[in-house]
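I am opening a notebook on a structure that is new to me, and I will write down what I look up as I go.

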Amino acid sequence: MSDGKGGLRRVVRPQTRYRPLSVEQDDERSRLLSNIQSFYHHASARHTAAAICVGLLDPVSNILANTLLSDEVAPPVDDADLARRSLDGLVAFLLYFFPYLADWDAVRYLLLADADLLVAARLIVASRGMTAFSIASAASEPALRLAAQVAGHPEPERLVRAWMSLSSRLH
């Protein structure tokens, strides 16, 4: 799963012809991480939020749903660590679902979508001129599993089952 440099091994190598400068990539990743941290703040105002921000709803709802889906009372977790792990999981989902997408491009779409996976996926579909798209495709389940694993979820299979059950009602 990992390439030894902190990234995922890729089946398809994305184009790098239009790669933004490293400082721009770092800035966008930092802004996205800050946005995700603010979602933890908002979620904590409603409930003790201690779960990853990976799912098929808006980011705050994903945090709350994943917290409520957890069996155990989670020990206190650093929001910054959860936000970083969530960002990695969200990027992993998009890279699995769109294998030609570059890491920095996934971050950029997530930033534009305010860390909402479905909005980011629809932005990618629209910008790439794709004609058919369904989050209920066969790629959704393994993409969610990978996202949960990359984000360090303790029970990725359980998260996938719960979200696939929920997503069948999203149509």
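Before listing neighbours I fix the term: I take contact to mean heavy atoms within 4.5 Å. The model I am reading is a predicted one.

Entry one, a single residue. I looked up Ile36 and found that, leaving aside residues up to four places away in sequence, Ile36 touches Ala83, Ser86, Leu87, Leu90 and Ala115.

Entry two, the core. I then asked how many residues the largest nonpolar core has, and I noted 46, with Leu32, Ile36, Phe93, Leu94, Phe98, Leu101 and Leu110 having the most contacts inside it. Helices 1 to 7 each supply at least two residues of this core, and I noted that its largest share, 9 residues, comes from helix 3.

Entry three, a helix pair. I checked helix 3 against helix 5 and found that their axes come within 11 Å and cross at roughly 35°, the crossing being right-handed. Leu90, Phe93 and Leu94 of helix 3 make this contact with Leu117, Ala120, Ala121 and Ile124 of helix 5, and by class I recorded 7 nonpolar residues there, with no polar and no charged ones.

Entry four, helix 4. Why is helix 4 largely enclosed by the rest of the structure? I found that 7 of its 10 residues, in the stretch 103–112, are buried, so the helix is largely enclosed. I listed the buried ones as Trp104, Asp105, Ala106, Val107, Tyr109, Leu110 and Leu111, and I saw that they pack against helix 1, helix 3 and helix 5. After helix 4 comes Asp114, for which I noted a positive phi, near 55°.

Notes:
Residues are numbered from 1 along each chain as its sequence is written. This is a predicted model: local features need pLDDT of at least 70, side-chain atom pairs count only at pLDDT 80 or more; totals for chains, interfaces and linings use all residues. Side-chain values use heavy atoms; hydrogens and water are left out. Buried means under 20% relative accessible area, exposed over 50%, partly exposed in between (1.4 Å probe, protein chains only). Axes are lines fitted to C-alpha atoms, for helices over the stretch in contact, and angles run from 0 to 180 degrees between N-to-C directions. A crossing is left-handed if the near helix is turned anticlockwise from the far one by less than a right angle, and right-handed if clockwise. Ala, Val, Leu, Ile, Met, Phe, Trp, Tyr, Cys and Pro count as nonpolar, Asp, Glu, Lys and Arg as charged, and the others, Gly among them, as polar. A nonpolar core is a set of buried Ala, Val, Leu, Ile, Met, Phe, Trp, Tyr and Cys residues joined through side-chain atoms within 4.5 Å.
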